[in-house]
Every structure is written in C-alpha cells, then in structure tokens.
Amino acid sequence: MGLVSRGTAEAGLGAASAVDRPGPPDAVPDPIPTPPAEGADPGSSRGPGMVLKAYFPTCCASADSGLLVGRWVPEQSSAVVLAVVHFPFIPIQVKELLAQVQQASQVGVTVLGTWCHRRQEPEESLGHFLEGLGAIFSHKPWFQLCRERGSKSWSCKATRWQGPASPAASGEDQVMLIFYDQRKVLLSQLHPPAALPDRQAGDTTASAGGLAAVFDTVARSEALFQSDRFDEGPVRLSHWQSEGVEASILVELAKWAAGPVCLLLACLLSLVSAASACRVFKLWPLSFIWSKLSTCEQLRHRLEQLTLIFSTRKAKNPAQLMRKANMFVSVLLDVALGLMLLSWLHRKDLIGQLADALIPVADHVAEELQHLLQWLMGAPAGLKMNRALDQVLGRFFLYHIHLWISYIHLMSPFIERILWHVGLSACLGLTVALSILSDIIALLTFHIYCFYVYGARLYCLKIHGLSSLWRLFRGKKWNVLRQRVDSCSYDLDELFIGTLLFTVLVFLLPTTALYYLVFTLLRLLVVTVQGLIHLLVDLINSLPLYSLGLRLCRPYRLAAGVKFRVLEHETGRPLRLLMQINPLPYSRVMHTYRLPTCGCHPQHSWGSLCRKLFFGELIYPWRQRGDKQD
C-alpha cells in the first residue's frame, strides 16, 4: 500500500504498525502490484511464483478447520474469503448452498481452499484429508491456510494442480494474507461508490478494480450470512454472525408495522397532493400568491419529502436509502423544534404580549417614517432639492403611510387570534413557523416595499431617459431589431427637444436619487432579515443529520478508503496485513449527502446586486423566470 514499518505485538494477530493514508477509494492501489508474468497459463491467470492476495475475515481467525468459501477476483489476483465451512459436511450440500448463494446475490461464490486450525496436536489424517479435498472442489489456485497451535504463526500456500495423480502439474505461488473486519466492510460504503457491472455469477470484468471489488463482494454476499447461529442448517459456517445476534422485540414490531403504516400515510399524502393540484388553486390570483409566499413553498417542499419518505418502493441503492434516512431525521428534528417553540410560546403567554406590543410598534415605525419624509422634504444634509418634486413625492409617501396605519388599526381586534393560529402552525415544524414569520414581516413592511418600488421605477425611468438622450448627443440610437447601437442623424428640432429633456432630467435626478437611496436602504434591511430567516430554514432542510450521526458514532459506515497495518513480516512466512477503514471527512459528508432545498430564493452575486441597485432594477425576495445568476 505504501509506507509500512514494524510495530508492537497485537493480540490474536501479531505485530502492528501504521501506514500512510490513501487517496480516493476508487484509486486505492494494491499493497503490492502483481503484473502478469510472461508465458503464464491462461487457465490460471497467473504464472508460477507470483504473489497472490487473500482477504481473510478476522472473525474466522479462531474457527475450526474446514473449507474456505469466497470469491476469486482474477483481475486483482485476489481471493476474498467470506466464511469457513466446518466438518462434518457432505460435499453435495456445500455445493447446493453455494448455488443458492450465487442465485440470490449474483456473486460467484466457490470453495477457494482449506483452513486448518491446529488447536491440538497435529493429526496426519486431517492433513491428508484436507489435501484430498482439492480433487472434489477443484479451484485454481487452491489455497491452504493454516494456523499453528499455541502460536501466532500462520502459513499459507496457493497451488495449481489437477489432483494427486498429477503432481508434476503443481505450481506454488506466494500469498500475502490481508485481514479485514467483515462486519465493518459489509456495512460500509466506499465513496464515491464504484459502479461494478459484474452482476452475473462468476462473471468478473476488468472494471471491478482494487478494493471496490472486495467491498462489493462482501456487501452482495449478505445471503451467505443469513444463518446467525453456528449450528443452524445442514452446513455449519463461521462468519461475522456465527455467535448469533440479539433481536429486539420493539425492532421486530417496528419492522412488522412499517409496511401498513407507510401504505396508509402514502394514501393520505396522495390525497393531499391531489387536493393541492386542484384547478381552483391554479387560477391567476391564487397561483401568483402561492408561488410568492415562503410558507406555501415550504409546505410544498415538506409534502414532497414526506411522499418520498413514506413511499412503499424500496431504495434501489445505498445512496437513496441514505437520502430517505436523512430526510426522515430532518423532518423529526424540525417537528421537535416546532413543538418546543409552541410549548415555549404558550407557557409564557408570549402570543398575547406580542399582540399587545404590535400596534405600538407599528405606530412607532410609522412615526419614524413620517419624520424621515419630513426631513427629506426640507433640506436633507444641506442639499438643495427640487422643491416642487420633493413636495409631491413627500406627500405621496405620507399618504401611503396614513393608509397603512389605518389598515393596521382596523385589523387590531383580530391580531391576537391570527397570531394564536399562526403559533399552532409550529406543530408542522420550525421551518413552517419561520416561513410564516418571514411572510408576516413582508406583510408588515408592505408600505416600505411600495415606497421602494415607486422610487426604483421613477429612478430607473430617468436613468434610461438620460442614457437615450446621451446617445442622441453623440449621433447614436438603439436599434431594437438588431439589439445594438447604430449611427443616426438628427435634425435641429430633435436636438433642441433632446437637450431640453436632458436638462430637466439631470436637474430632477438628485431629488429622485435621494428618495430612491433612502427607501432602497430600508428595503435592503427588510430583505436582509428575511434572508437570514431563509438561511436558517434552508439549513434545517438540507442538513444531513443521519449521515453526520453515522460519521460521529460509526465512522466505518462512510468509508473514504483504507489503510494497512503490518502484522507479520518475516522471512519464510507470508506477509500479513490488517486492513482498516478510513472514515469520510465531515466536509465530504456534508457535500455528498446534503439534501436539496426549496430553491425559490434568488442567489445574486455581489456584481449582479450592485448592477441592479445602480440601474434601479427591482430586487425581489423570490426567483424570477428571467433571472440570470452570475
């Protein structure tokens, strides 16, 4: 793999040492490259004296003697041991078991060799019997793995021979023994997931490269690990579940009830989706309002998430399963936070206090706006404004403030009841309550939005008029058909009218620009508050909490690669390594499993925002159809 060194003794396996961290999993090199030798036998895929790799599960290190069952990967010259079959057994039953596993998992599982664990004095009959099994389960190469009694020494041979009658055909290869934790490899997933197209039994293609073939073999061979007891069935196996698993009654009941509950909820959600897709809600006023309110967008997004979560279709791959789990945990956290907020509001009677304070706050804001307009109608900051236009704009905006305050006082008897029903919406989740808060802020500051629109439209009209008249002075005009500036000749009357209009617009521009600047700053303040609320909603919607919990509690579930530790490296003994899983970094977990958000809010760059502000283009808190994101 890379840099290896000697270490101290490790219980059950031997000495250990650290190794460097590898790169991405699909580019992880083999510990020792094994190029094919010239003149190699095509049937064996390796020439004599080559180095083969045998991946052996650590859970079988203390198993009784028997047969090694696993998969042979000729492209990598690797044997992945999955289980050990113990004596006594009937060969036909072993072959039937392997055929069933191949049919269920589409993995070419076969007998790779023999395993001898000499716990007592070695018996000559057992050794001859293990050697004779190669004639019954013919596999090239044939592995012979043995662990000496009372020591940490291992011996491993790989021979290619047709049977006892032809010893001249035998050829022995060197074997590198790699131990791996079968449970962790089975539950883990390499990132990025490698696409292995070898889905037929015994079929191996060149695209199954490196460690991806090992992880894929263990993951797809789950049918071999169905027996969780050592003495179940006619064939006794040793694998990661040999000691049995403890089943919880609550877990079994949850699995049994998950199907009917998901079916019922899926039917209810389909009814809600059908009701929301009614043609009445697609009429122009309702469709426009529903597309602009943050609450409607959040409810639509939450409905899509619940439909996916409670869908009766099984996930096709681990990525879809992880996405469902992240959505489920995100919805649970959202509802829990909403219930906590609702409990806090009703326990301290904050809704009544907020309703009582809303009218005085609205009056105070209106009074401050009136003082601001009176300041603008005078000589703001010592600037001399156009008095006629200044008075017209000031009285126009003061009249709007008067209308808005009258509307707020008219609604004052119903404000507490409205806020109480809005507080109940927190049962649907904290994101729904925050979206409603954003819409309430938009409604309460609607007069500021109107001021901004009036000022921006008037300012934009004057900027476009000045730019057109400036082209007139230079003998240019804008060609609408060709979308370009062309030369043009103007007569004296046109130049006189243009000069007159240009002078009027230039002298009126400072007054308009000042009103536009003030109300744009107020509008940006409101948009900033709404933007912070939307960021918090998007954070709750997109945070992959389940994946982050797996990375924190079980980091091996999200594998970014592996590292190897040397267990034994002595002359005359096979090199023994321990394969360990490198967890995925938290940044890559966030990037890989981040959930999609509503996507209805604009994401302007600083350059685009400054350009729109300078030319007086409106800045909406939602995304427009013709928006171009820089």
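**Entry 1: a segment from the record**

How much of the chain over residues 494-518 is helix, and how far apart are the end C-alpha atoms? I looked, and residues 494-518 are 100% helix and 0% strand. The C-alpha atoms at the two ends lie 35 Å apart. I note at once that this is a predicted model.

I picked that stretch from UniProt, where an unreviewed entry gives the feature "transmembrane region" at residues 325-345, 392-410, 422-445, 494-518 and 524-548. Next I checked residues 422-445, also listed there. Here the chain is 75% helix and 0% strand. The end C-alpha atoms of 422-445 are 18 Å apart.

**Entry 2: the whole protein**

I took stock of the overall content. I find 17 helices and 15 strands. The protein has 630 residues, and 41% of them count as buried. I then turned to contacts between residues at least 6 apart in sequence. Of these, 70% join residues at least 24 apart.

**Entry 3: confidence**

I checked how far the predictor trusts its own model. The mean pLDDT of the protein is 77. A score of at least 70 is reached by 78% of the residues.

Which elements have the lowest and the highest mean pLDDT? Strand S1 (residues 8-10) has the lowest, at 36. Helix H15 (residues 545-553) has the highest, at 92.

I marked two stretches for caution. Over residues 162-170 the pLDDT stays under 50, and the model gives this stretch six contacts beyond four places in sequence. Residues 194-208 also have a pLDDT below 50. For residues 194-208 I noted 35 contacts beyond near neighbours in sequence.

**Entry 4: cavities**

I searched for enclosed space. There are three cavities of 30 Å³ or more. The largest has a volume of about 50 Å³. Its lining is made of Ala54, Phe56, Leu68, Ala79, Val81, Phe143, Leu145, Cys156 and Leu177. Strands S3 (51-57), S5 (78-86) and S7 (142-147) are the elements that each give two or more residues to this lining.

How do the lining residues divide into nonpolar, polar and charged? I count nine nonpolar, no polar and no charged.

**Entry 5: Ser438**

I moved to a residue in helix H12 (residues 430-444), namely Ser438. Is Ser438 buried or exposed? Its relative accessible area is 0%, so Ser438 is buried. I then listed its contacts, leaving out residues up to four places away in sequence. Ser438 touches Ser294, Gln530, Ile533 and His534.

**Entry 6: helix H4 and the loops beside it**

I opened H4 next. Of its 10 residues, nine are buried, and the helix is mostly covered. Among the buried ones I noted Phe215, Asp216 and Arg220.

His191 sits in the loop between strand S10 (189-190) and H4. Its relative accessibility is 2%, so His191 counts as buried. I looked for a residue from elsewhere in the chain and found Leu558, 367 residues apart from His191 along the sequence. Their C-alpha atoms are separated by 7.3 Å.

Val235 lies in the loop between helix H4 (211-220) and strand S11 (237-238). Val235 is buried because its relative accessible area is 9% and the cut-off is under 20%. Which residues does Val235 contact, leaving aside neighbours within four places in sequence? They are Val85, Gln93, Val94 and Leu97. Gln93 is 142 residues away from Val235 along the chain, with 7.0 Å between the two C-alpha atoms.

**Entry 7: positive phi**

I finished with backbone angles. Most residues other than glycine have a negative phi. I noted two residues with a positive value.

Ser77 has a phi near 50°. Ser77 is found in the loop between strand S4 (66-73) and S5. With a relative accessible area of 0%, Ser77 is buried.

Gln106 has a positive phi of about 60°. Gln106 belongs to the loop between helix H1 (91-105) and strand S6 (110-117). Why does Gln106 count as partly exposed? Its relative accessibility is 29%, so Gln106 falls in the class between buried, under 20%, and exposed, over 50%.

Terms used. Residues are numbered from 1 along each chain as its sequence is written. This is a predicted model: local features need pLDDT of at least 70, side-chain atom pairs count only at pLDDT 80 or more; totals for chains, interfaces and linings use all residues. Side-chain values use heavy atoms; hydrogens and water are left out. UniProt positions are given in the numbering used here, feature names are shortened, and annotations may be inferred rather than shown by experiment. Helices (H or I, at least four residues) and strands (E, at least two) are DSSP runs, numbered from the N terminus. On a 1 Å grid over the protein atoms alone, a cavity is a set of points where a 1.4 Å probe fits but cannot get out, and a pocket is an open set with protein on both sides within 12 Å along at least five of seven lines; lining residues have an atom within 4 Å of a point. Grid points are joined across faces, edges and corners, and a volume is the space filled by probe spheres set on the points. Ala, Val, Leu, Ile, Met, Phe, Trp, Tyr, Cys and Pro count as nonpolar, Asp, Glu, Lys and Arg as charged, and the others, Gly among them, as polar. pLDDT is the predictor's confidence in each residue, from 0 to 100. Contact means heavy atoms within 4.5 Å. Buried means under 20% relative accessible area, exposed over 50%, partly exposed in between (1.4 Å probe, protein chains only).
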